[in-house]
Amino acid sequence: MSYEFRTGEELLALCKQENLPISAVMLKSELEREEHDAETLHEEMRKNLLTMRHSVLIGLRDTQVTVSGLMGGDAELLYAYADKALCGSRTSRAAAASMAVLEVNASMGKIVAAPTAGASGVLPGTLLTCAEDFSWDDEMLINALYTAGAIGAIIATNASISGASGGCQAETGSAAAMAAAALVELSGGTPEAAIHAAAIALKNVMGLVCDPVAGLVECPCIKRNAIGAANALLSADLALAGIRSVIPFDEVVIAMKNVGRLMNSDLRETARGGLAATPTAKALRKKLGLHGAEQE
Ligand code: SF4
């Protein structure tokens, strides 16, 4: 039999038919498509996990100075504040870890683009923080990366994971959807609940534009990863509580794609609209000696 899938519905059908979690179906699908054996794939995923962990550790331990000098140190600030946080310690630590990865990225450090560099904080931030609290081991986390990968692959196949094509909904929204599904599986939820979590996460950033200040993946990207982490955690909790997305995941993905198409190009990574077009952003751009369309 084939483990190929293009949609959430097809993925769920395979999970049900084989009585497997999403991670196992994704692994079998990868083995079908790739020339590598299970051991090699496992080693690649283990390396991804180690890189993710390293980027979180470095980002939280050392103050990162971003290329522009505009940002850096916010991850440490939030981590230090986490015990007093209104949204609770775990969510704040996950958000801080997510920001840490983005700060490392903006400082030219090594990260895993999951699904992109601009949205690389959400998955490691949430998974590794919860792993500490719930004692999830690396084997569980590696499996969870396959679950996240399945969601990302479906979105990339049927819509987009690129800010230039679909706005930030396609980047940090996809990252939150991937993380939410992975968190549900790690927490013992069903594949169906994981898919609903992904739908909920994506729905709630529908229409989010890509408007990087001065064209740099710093502001608002770093903070959007923090909010993406909170989105993933709450979406996972909603699904684990038994709440379902009224609009099925596959339809949410298509809706997101259509919203991306409706977005003016000024709102898709060109740094000509949204926050990038504010007086402060224009002044920062000028100060940094960067030139853009809005300065013409
Ligand atoms: S604002 Fe644009 S560049 Fe920044 S994270 Fe979102 S999609 Fe990526």
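# A tour from the ligand outwards

Start by selecting the ligand in this predicted model: 14 residues surround it, and the closest are Gly118, Gly163, Cys168, Cys210 and Cys221. If you colour these surrounding residues by character, you will find seven nonpolar, three polar and four charged. Helices α9 and α11 each supply at least two residues of this shell, and the largest share, three residues, comes from α9.

Next, select helix α9, residues 168-186, and turn from the ligand to the nonpolar interior. The largest nonpolar core has 97 residues, of which Ala179, Ala180, Ala181, Ala197 and Ala198 touch the most other members. The helix that gives the most to this core is α9, with 13 residues. As a general background, nonpolar side chains in soluble globular proteins tend to be buried together.

Which residues does Ala181 touch, once those up to four places away in sequence are set aside? Select Ala181 and look for Ile22, Thr147, Ala148 and Ile151, and then for Ala194, Ile195, Ala197 and Ala198, which complete the list.

Now move to helix α10, residues 191-203, where a simple check of length is possible: at 1.5 Å a residue, its 13 residues should span 18 Å, and its end C-alpha atoms are indeed 18 Å apart, which agrees. Is this helix mostly covered or mostly uncovered? It is mostly covered, since 12 of the 13 residues of α10 are buried, among them Pro191, His196 and Lys203 as well as several alanines. To see what lies against these buried residues, show α1 (8-18), α2 (22-33), α7 (138-158), α9 (168-186), α11 (221-240) and α12 (249-262), against which they pack.

From that group, keep α7 in view and select Leu145, which is found in this helix. Leu145 has 24 other C-beta atoms within 10 Å, and because a residue with 20 or more counts as buried, Leu145 is buried. Leaving aside neighbours within four places in sequence, Leu145 is in contact with Met45, Asn48 and Leu49. If you draw a distance from the C-alpha atom of Leu145 to that of Ala181, which is 36 residues away along the chain, the separation is 9.9 Å.

Helix α5, residues 89-106, is the next stop: this helix has 18 residues and reaches 25 Å from its first C-alpha to its last, close to the 26 Å expected at 1.5 Å a residue. Because 16 of these 18 residues are buried, α5 is largely enclosed by the rest of the structure.

The last part of the tour concerns the backbone, and it helps to know that most residues other than glycine have a negative phi, and most peptide bonds are trans. After α5 comes Met108, whose phi is positive, near 70°. In the loop between α5 and α6 (122-134), select Pro115, which is joined to Ala114 by a cis peptide bond with omega of about 5°. Another cis peptide bond runs from Cys219 to Pro220, with omega near 10°, and Pro220 lies in the loop between α10 and α11.

Finish with two residues that are not glycine but have a positive phi: Asn19, at about 55°, and Glu269, at about 70°. Asn19 is found in the loop between α1 and α2, whereas Glu269 is in the loop between α12 and α13 (279-287). Are they buried or exposed? Asn19 counts as exposed because it has 8 C-beta neighbours inside 10 Å, while Glu269, with 23 other C-beta atoms within 10 Å, is buried.

Definitions and conventions: Residues numbered from 1 in each chain as written. Predicted model: local features only at pLDDT ≥ 70, side-chain atom pairs only at ≥ 80, totals over all residues. Helix = DSSP H or I, 4+ residues; strand = E, 2+ residues; numbered from the N terminus. Expected span 1.5 Å × (residues − 1). Contact = placed C-beta atoms within 7 Å. Near = placed C-beta within 6 Å. Nonpolar A, V, L, I, M, F, W, Y, C, P; charged D, E, K, R; others polar. Core = buried A, V, L, I, M, F, W, Y, C linked by C-beta atoms within 7 Å.
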